Structure formats: C-alpha cells, structure tokens
Amino acid sequence: MSGPVVPEGAHEADESEEARFLAAVAPLLDAIGGELVGPTEAGEDDVPLRWEGATVAAVRLPLLSDSLEHLLDDLRRRHGRPLADLDRRTKQRIVRGLEHRGAFAMRHGVETVAGALGVSRFTVYNYLNRASGG
C-alpha cells in the first residue's frame with residue numbers, strides 16, 4: 001500500500017488524523033515485517049486497524065517462514081554490517097535476543113542463525129547453553 005488508506009466519504013480533517021494514526025503504526029509494521037493494506041484488500045487473516053469506529057486499513061502479518069529472515073535483516077541494519085563481522089560477545093547477545101523472540105522454535109532456526117552469524121550450529125548451541133546457564 002503506497003499511502004494512508006482513507007475511507008470513502010472521509011473529510012480532509014479525518015484524512016489528516018487517519019494519516020497520523022497510520023504513520024504512528026509504521027514503525028511497528030517495519031519491526032514485525034507487516035504490510036499495510038486497504039480495508040477492501042484485507043483478508044480474514046489480516047488484522048483490521050480501526051480509527052474512530054471505522055476500519056481504515058489492515059495489517060498483513062508476515063509468514064512465519066519469513067519472520068526469522070526479517071529479524072536477521074533488521075539486526076544487520078541496526079549493526080550496520082554483516083552479522084558475521086560482529087565480535088563474539090555481540091553474537092552471543094544476538095543469539096539470546098533471538099531465543100527470547102522464539103527464533104529457535106522454528107524449523108532450521110539454528111542453521112539459519114548460524115549461517116547469518118558466520119558460525120557453526122555447534123557454536124550457536126554453545127551460546128544458547130551459556131545463556132541458560134547450562
């Protein structure tokens with residue numbers, strides 16, 4: 001969706017308020033990898049966004065299979081370089097954060113993270129064990 005979704009018949013003042021509302025949720029959408037769609041485009045799995053009693057847009061959530069890659073892309077952006085170039089302590093902190101977000105409950109999660117960090121699966125398991133005190 002390219003711009004704010006405004007219901008038919010909305011007044012200019014309403015458009016401004018709705019645009020501010022939709023702009024306010026933009027960082028959340030970016031963080032979760034969601035996509036904003038118009039209310040008429042929304043499917044039953046999309047999350048409607050209501051403003052002043054009307055559905056002004058909907059959030060299309062990412063597929064679970066895309067979520068881990070989205071998290072890793074976000075980490076690359078935040079660190080400003082490939083994750084494999086980070087120091088060991090930072091990689092350990094990343095693994096703890098990803099564990100907290102459920103990344104390793106996904107099939108091939110450990111392998112995907114290991115590849116992104118430039119370490120072996122064994123190393124990721126060691127980081128996980130260290131984080132749990134094991």
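This tour goes through a predicted model, first along its paired strands and then around one of its helices.

Begin by selecting strand 3, residues 54-60, together with strand 1, residues 35-37; these two strands pair in the antiparallel sense over three bridges. To see one position of this pairing in detail, show Val37, which stands opposite Ala58 in strand 3.

Keep strand 3 in view and add strand 2, residues 47-51, which runs antiparallel to strand 3 and is joined to it by five bridges. Here the pair to display is Trp51 and, opposite this residue in strand 3, Ala54. Strand 2 and strand 3 form a hairpin with two residues between them, and in that turn Glu52 deserves a selection of its own, since its backbone has a positive phi of about 55°.

Next, move to helix 5, residues 121-132, whose twelve residues reach 17 Å from the first C-alpha to the last, a span close to the 16 Å expected at 1.5 Å a residue. Within this helix, colour the buried residues, which are Thr123, Val124, Tyr127 and Leu128. Why do they lie on the same side of helix 5? Looking around the axis, one finds that they cover an arc of only 145°, which puts them on that same side.

With those four residues still coloured, add helix 3 (88-100) and helix 4 (109-117), against which the buried residues of helix 5 pack. Finally, turn to the other side of helix 5 and select Phe122, Arg130 and Ser132, which are exposed there.

Definitions and conventions. Residues are numbered from 1 along each chain as its sequence is written. This is a predicted model: local features need pLDDT of at least 70, side-chain atom pairs count only at pLDDT 80 or more; totals for chains, interfaces and linings use all residues. Side-chain values use heavy atoms; hydrogens and water are left out. The expected span of a helix is 1.5 Å times one less than its number of residues. Buried means under 20% relative accessible area, exposed over 50%, partly exposed in between (1.4 Å probe, protein chains only). The arc is that of the directions from the helix axis to the C-beta atoms. Contact means heavy atoms within 4.5 Å. Two strands pair if DSSP finds at least two bridges between them.
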